[in-house]
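Student: I am new to this structure and would like a close look at a single part of it, taken slowly and set against its surroundings. Could you begin with the term that the part calls for, and then go on from there?

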Amino acid sequence: MLYTHKQINERLTQAEHLWLFLDYDGTLADFAPTPEHVNPDPEIIDLLTGLAHHARIRIAVISGRRLNHVQALVPVPDVLLAGTYGVEMQIPDGKRVNRVDYDAIRPALDILKPRWAHLIANREGFFLEDKGWALALHARFADDFETDVVLSAARRMATKVASSGLFRVLSGHKFLEVAPSLADKGQTVGYLLDRYPWPGALPIYLGDDDKDEEAFSVIKARGGIAILVAGEQRKTKADCQLESPQAARRWLGTALARSAVNSTRRSWEPL
Ligand SMILES: [Mg+2]
């Protein structure tokens, strides 16, 4: 860890603007029981609404969930929403940006989907999620031995189908996903910083898992601050750590309170 909270707060106070990049699940909110759970949290909506109203703050929410779920969870104007790790985005001016050609990637997913569906048929605790741009296999409620067997087989199928270079295979705890190779939070952060430049802004990224670690490197290389949200100590590229989504929300509330009033209205003019 490179910074103390005091040092980070000093950098926040000194910065002209703050650009917050926020993961959702495990960072702002506790984990939902299944990815189909899309219950907006009023406390998070209030917090983001307050932050988004602030002329000195710009917000992007970057999630692995599909964009329409992110939109349902964060119905807050003036926030950039990025779904499927940034493959599909809703820009605050109302424009939708798809960074990958859907028709180019969908045929391979349509081959893989019935194979994965067959693999988990009649097995307890598995869940196949079709995000449109990506396919994810969740094993959160399956037993450990069966999870290993099924996810290994699923990975072999995925590697075969995804061998074109158009895709990457993402894994996690009891989780496997085939997504476009641009489904990378690090690449997404780089894209947004280049596409919507904001001179004088300090970029800050809050995230909780290995997909966020990919963004931590980019944020730090761009002179920003990476904050890990996790209850336990682990190997990380982050500059500091907050212990829970509740702690992350409190910290963001403090960032809001700290931000001095600035009359310059920010905009999302692309280059
Ligand atoms: Mg997360």
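Tutor: A residue is called buried when its relative accessible area is under 20%, exposed when it is over 50%, and partly exposed in between. With that in hand, and keeping in mind that this is a predicted model, we can turn to Ser181, which counts as partly exposed because its relative accessibility is 30%. Ser181 belongs to the loop that runs between β9 (175–180) and α6 (185–195). Leaving aside residues up to four places away in sequence, Ser181 is in contact with Gly165, Leu166, Phe167, Arg168 and Gln187. Tyr3 stands 178 residues from Ser181 along the chain, and the C-alpha atoms of the two are separated by 32 Å.

From this loop we can move to the metal site. The magnesium ion is held at 2.1 to 2.2 Å by Asp23 (OD), Asp25 (O) and Asp208 (OD), and the spacing of these donor residues in sequence is D-x1-D-x182-D. Two of them bring distant parts of the chain together: Asp25 is in the loop between β1 (17–22) and α2 (42–53), whereas Asp208, 183 residues apart from it, is in the loop between β10 (201–207) and α7 (210–221). Asp25 and Asp208 are both buried.

The aromatic rings come next, and a search of the whole structure finds three aromatic pairs. One of them joins Tyr102 and Trp133, whose ring centres are 5.1 Å apart and whose planes make an angle of 85°, an edge-to-face arrangement. This pair, too, links distant parts of the chain, since Tyr102 is in helix α4 (residues 102–120) and Trp133, 31 residues apart, is in the loop between β6 (127–130) and β7 (135–138). Tyr102 counts as partly exposed because its relative accessibility is 34%, whereas Trp133, at 6%, counts as buried. Tyr205 and Phe216 also form a pair, and because their planes are at 80° with the ring centres 5.7 Å apart, it is edge-to-face. Tyr205 is in strand β10 and Phe216 in helix α7, so this pair ties together parts that are eleven residues apart in sequence. Both Tyr205 and Phe216 are buried.

Charged side chains also meet rings here: the charged end of Arg99 sits over the ring of Tyr191, 4.3 Å from its centre, and Arg58 lies over the face of Trp19, at 4.4 Å from the ring centre.

We can then look at the nonpolar interior. The largest nonpolar core has 38 residues, and those touching the most other members are Leu48, Ile59, Val61, Ile204, Leu206, Trp251 and Leu252. Helix α2 gives the largest share of this core, six residues. Leu252 is in contact with Leu20, Leu22, Leu28, Leu47, Leu51 and Leu206, again without counting residues up to four places away in sequence. Another core, of 33 residues, lies apart from it, and its members include Val87, Ala154, Val161 and Leu170.

Helix α8 (residues 245–258) closes the tour. Its 14 residues should span 20 Å at 1.5 Å a residue, and this agrees with its end C-alpha atoms, which are 20 Å apart. The buried residues of α8 include Pro245, Ala247, Ala248, Arg249, Trp251, Leu252 and Ala255, and among the elements covering the buried residues of this helix are α1 (5–14), β1, α2, β10, β11 (225–229) and β12 (240–242).

Key: Residues numbered from 1 in each chain as written. Predicted model: local features only at pLDDT ≥ 70, side-chain atom pairs only at ≥ 80, totals over all residues. Heavy atoms only, no water. Donors = N, O, S within 2.8 Å, 3.2 Å for Na, K, Ca; no water. Helix = DSSP H or I, 4+ residues; strand = E, 2+ residues; numbered from the N terminus. Buried < 20%, exposed > 50% of the residue type's maximum accessible area, 1.4 Å probe, protein only. Phe/Tyr/Trp six-rings, centres within 6.5 Å; stacked < 30°, edge-to-face > 60°. Lys NZ or Arg CZ within 6 Å of the ring centre and 35° of its normal. Core = buried A, V, L, I, M, F, W, Y, C linked by side-chain atoms within 4.5 Å. Contact = heavy atoms within 4.5 Å. Expected span 1.5 Å × (residues − 1).
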